[in-house]
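I opened my notebook to look at how the strands are arranged and what the cysteines are doing. Come along and check each entry for yourself.

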Amino acid sequence: MRLICAKNYQDMSRKAANLISAQVILCPESVLGLATGSTPIGIYRQLISWYEKGDVDFSKAVSINLDEYCGLSPRDPQSYSCFMHQNFFDHINIDPRRVYLPDGMQTNSTLECARYDRVIADNGGIDLQLLGIGRNAHIGFNEPDDHFSKGTHQVALTESTIQANTRFFQSADEVPKLAYSVGMQAIMQARKILLVACGEDKAEALQRSFFGPVTPQIPASILQLHQDVTVIADTAALSLCPVTR
Ligand code: PGA
């Protein structure tokens with residue numbers, strides 16, 4: 001694992017955007033595994049700015065998002081589809097036919113999970129997977145559990161995730177309780193992983209994920225077994241990691 005210490009959120013965003021744009025410049029057909037949440041917003045802003053300057057071209061890239069809430073249509077302003085369009089896709093030249101998210105309106109979870117795993121397989125897997133990390137060390141919506149989920153699956157969000165996501169809704173009651181999430185197989189088979197974290201409320205999750213046992217109770221800990229992981233985090237998020245002591 002490469003651990004890159006960023007000075008602050010802006011520095012983290014620029015460094016991460018540099019790696020993503022390098023990926024797309026080197027391989028324009030790259031399959032990007034993209035993530036939602038507050039942390040990647042600065043990365044998307046930076047990539048949009050470089051796109052506007054003509055430095056990076058997304059016309060041949062593929063995007064496969066990690067997760068989506070169940071019960072929200074792609075037009076719902078709280079859906080991850082809407083988030084991705086507002087924060088990224090609508091501002092770059094990615095081909096809408098190459099943009100994939102789980103379908104939160106599909107009530108048959110078996111069908112939807114199988115369909116999404118096929119999307120990932122048909123695109124040849126993910127070249128670069130961008131990940132945030134939850135306070136409970138979830139990646140995507142792979143929540144702490146007694147096992148690692150292999151394929152795309154429907155998850156019941158944990159109380160801590162619902163509380164953390166309440167900030168995007170009027171109240172905790174409005175936060176969907178179920179989501180579709182890509183499983184650990186697609187994440188671990190990604191050729192490169194880029195995990196970003198900012199702020200001291202992520203410090204414990206980073207320390208437990210990368211400097212403790214590999215266990216499904218700490219979902220991101222599985223990344224210790226991946227051969228090409230880059231973590232870019234600010235000093236606050238790295239404050240409990242041995243390297244910065
Ligand atoms: P955040 O979420 O970037 O909004 O903190 C990260 C995550 O839950 O994966």
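**Strands first, then cysteines**

I started with one pair of residues: Ile-4 has Ile-232 as its bridge partner in β10. A reminder to myself is that this model is predicted.

Next I looked up the two strands around that pair. β1 and β10, the latter covering residues 229-234, pair in the parallel sense, and I found five bridges between them.

Then I widened the view. How many strands form the open sheet, and in what order? I found seven, arranged β1-β10-β9-β6-β2-β3-β5, with parallel pairing. β1 (2-6) and β5 (99-100) are the edge strands, so to speak the borders, as each pairs on one side only.

I also checked what packs on the sheet. Helix α4, residues 109-122, does so, and it touches β3 (62-65) and β5. The direction of α4 makes about 150 degrees with that of β3.

Now for the cysteines. I wanted to know how many disulfides a search of the whole structure finds. The count is zero.

I looked at Cys-70 on its own. The nearest cysteine sulfur belongs to Cys-113 and lies 8.0 Å away, and Cys-70 is in no disulfide. The cut-off for a disulfide is sulfur atoms within 2.5 Å. Is Cys-70 buried or exposed? Cys-70 is buried, with a relative accessible area of 14%.

My last entry is Cys-241, which is in no disulfide either; its nearest cysteine sulfur, that of Cys-5, is 9.7 Å away. Cys-241 has a relative accessible area of 1%, so I noted this residue as buried.

Terms used: Residues are numbered from 1 along each chain as its sequence is written. This is a predicted model: local features need pLDDT of at least 70, side-chain atom pairs count only at pLDDT 80 or more; totals for chains, interfaces and linings use all residues. Side-chain values use heavy atoms; hydrogens and water are left out. Helices (H or I, at least four residues) and strands (E, at least two) are DSSP runs, numbered from the N terminus. Contact means heavy atoms within 4.5 Å. Axes are lines fitted to C-alpha atoms, for helices over the stretch in contact, and angles run from 0 to 180 degrees between N-to-C directions. Buried means under 20% relative accessible area, exposed over 50%, partly exposed in between (1.4 Å probe, protein chains only).
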